[in-house]
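Biologist: Mind walking me through this one? Put it up and start wherever you like.

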Amino acid sequence: MLTVQQAVFTMESLMGKIQQQNQFIHQLIQENEQLRQKNKHLSKENERLRGRIQELEARTNSSNSHLPPSSDRFARPRSSREPSGKKPGGQEGHRGTTLRQVEHPHHRVNMCQGCGASLCEVQPFKVDVRQVFDLPPVTIKVTQHDREVKSCPHCQCVQQAPFPPHVTNHVQYGPRLTALAVYLHHIQLIPYKRVGDMIEALYQHSISTGTLANMVKRGHEALEPNMDIIEEALLDSNILHVDETSLRIEGKRAWVHVACTSKYTYLAPHASRGKKATDDIGILPRYKGTMMHDAFGTYPNYTEATHALCHAHHLRDLKSFIEQGQTWAMRMTTFLFAAKQAVEVHHGALPNEDTKRWERVYDRILAKAQHRLETMTPLPKKALAFVGRLQKRKEEALRFLREAHVPFDNNQAERDLRMVKVKENISGTFREEAFAQSFCIARSIVSTLTKHEKNVWNSLCRLLKGETLDDIFSTT
């Protein structure tokens, strides 16, 4: 039997142990809650990192996004073009060109090397022909213009003959040398110093970089009025390709905007990318045809025009989604290529019933894609936004099915902007906005001449003498 004292001691001992157990349990509960919170945090971090891994695996570049090829830093993406199966070089049926013989000098035999007899009166029994194509010696030619000044003996009025329009100073460089400076600097993208070195090496004439810059400036002033001709032609066209790309001017980011067709090109620099720039340039607010562009938000603001979306941009986006394992993107890619081929087979717009059938397939692919994307975790916001845009702007996306003048893509604008990025890669930046304007005007003129299959060099010389694009286009 326990005594009262022993029982009390035992009870106190048990109470102490119970209290210790309670403290330990409370500590375990706290640690468990902390582990729960930590596990919750790690789960969120894991989800975020998984999304980041997917993003990195996608590796956005010029082949699967709207980024230009100049932004590709490490990997060179594979071209989206499929092999044509054709051999390199001229194809069967191609009309080639080669050196053709022209009038030639005659090399005579005057003396027999065997006996020393004269052969001057002997007729040759054979003539061997060989021709060499080469450049003649070139040098700077100075032309002096004299004009008469007379006083009328009857009324004493002084009369003077006019100088040619391009002759404005006592001593000056002519339009052909000015055209050469413009051509080498703006078209072949050669810096002023190297242009000067080239002229000195070829023509034995030294020209300073400052003089070359002034010559290019005069070329800008002579070419600029022709931009109005290009602008009017663009406003009259039924399809207008528009786009923009970045460019550095005075060390700051600016933009070059393009409006073009298969025959005309208009490039213009501006500090802004958006509506302020296109309003200032002045073509888009007045245009009432069909405007082909990407999904950039500025262009739909011009409601006087109808709109069509570029599928080259869509295909790059779809390639990115395919690389992420999204099967609906492959189905939409197949659809777009098949629709393009169907339009080409019909040499333009499809019949109404065929168009409706293609539209139903388009709707079905996007509906299934939306349903699939909405069930994914984490939610693929970029892909959902892409699908939503194609659904919302269905009429613009499929306009090429119904209207023969609407192309499948906006590659025309991208081609006309390409040399802007080449110039930026070479020069890095324009020191003044005036230089950027001069470059854009020269590139616009040359691109337009090329599209009309006009000789660029001869046409530049004529333009710098005061002729216009209309004068050049009117001659064969």
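Rings, cores and loops

Modeller: Let's start with K340, whose charged end sits over the ring of F408 at 5.8 Å from the centre. That label needs NZ of Lys or CZ of Arg within 6 Å of the ring centre and within 35 degrees of the ring normal.

Biologist: And what about R273, which ring face does it lie over?

Modeller: That's F296, with R273 at 4.1 Å from the ring centre.

Biologist: What should I keep in mind about the model itself?

Modeller: It's a predicted model, where local features need pLDDT of at least 70 and side-chain atom pairs count only at pLDDT 80 or more, while totals for chains, interfaces and linings use all residues. Residues are numbered from 1 along each chain as its sequence is written, and side-chain values use heavy atoms, with hydrogens and water left out.

Biologist: OK, rings. How many aromatic pairs are there?

Modeller: The count is 10 aromatic pairs, taking rings of Phe, Tyr and Trp (its six-membered ring) with centres within 6.5 Å; planes under 30 degrees apart are stacked, over 60 edge-to-face, the rest tilted. One of them is Y183 with W457, edge-to-face at 6.5 Å centre to centre and 75° between the planes.

Biologist: Why does that pair tie together parts that are far along the sequence?

Modeller: Because Y183 lies in helix α2 (residues 175–187) and W457 in helix α15 (residues 456–464), the pair ties together parts 274 residues apart. Helices (H or I, at least four residues) and strands (E, at least two) are DSSP runs, numbered from the N terminus.

Biologist: How is Y183 classed for exposure?

Modeller: Y183 is partly exposed at 24% relative accessibility, and W457 is also partly exposed, at 26%. The classes are buried under 20% relative accessible area, exposed over 50%, partly exposed in between (1.4 Å probe, protein chains only).

Biologist: Got another pair?

Modeller: W328 and F386 are tilted, with 6.2 Å between centres and 40° between planes. They sit in helix α8 (residues 327–345) and helix α10 (residues 381–392), 58 residues apart. Both W328 and F386 are buried, and they form one aromatic cluster with F321.

Biologist: Switching to packing: which residues touch the most other members of the largest nonpolar core?

Modeller: I283 and I445, out of 36 residues. A core here is a set of buried Ala, Val, Leu, Ile, Met, Phe, Trp, Tyr and Cys residues joined through side-chain atoms within 4.5 Å. Elements giving two or more residues to this core include α2, α5 (226–235), β3 (239–249), α14 (433–451) and α15.

Biologist: What is I283 in contact with?

Modeller: Beyond its neighbours within four places in sequence, E231, L234, L235, L240, A259, Y266 and T278; contact is heavy atoms within 4.5 Å. There's also a second, separate core of 34 residues, with A312, A339, L366 and F400 among them.

Biologist: Now V195, buried or exposed?

Modeller: Buried, at 1% relative accessible area. V195 is in helix α3 (residues 192–203), and its contacts beyond four places in sequence are L184, H185, I190 and L212. The C-alpha atoms of V195 and L184 are 6.7 Å apart, with their positions 11 residues apart in sequence.

Biologist: Last one: where is S262 found?

Modeller: S262 is in the loop between β4 (252–260) and β5 (265–270), and it's exposed at 52%. Setting aside neighbours within four places, S262 is in contact with Q412 and K451. Its C-alpha is 9.0 Å from that of H452, 190 residues apart along the chain.
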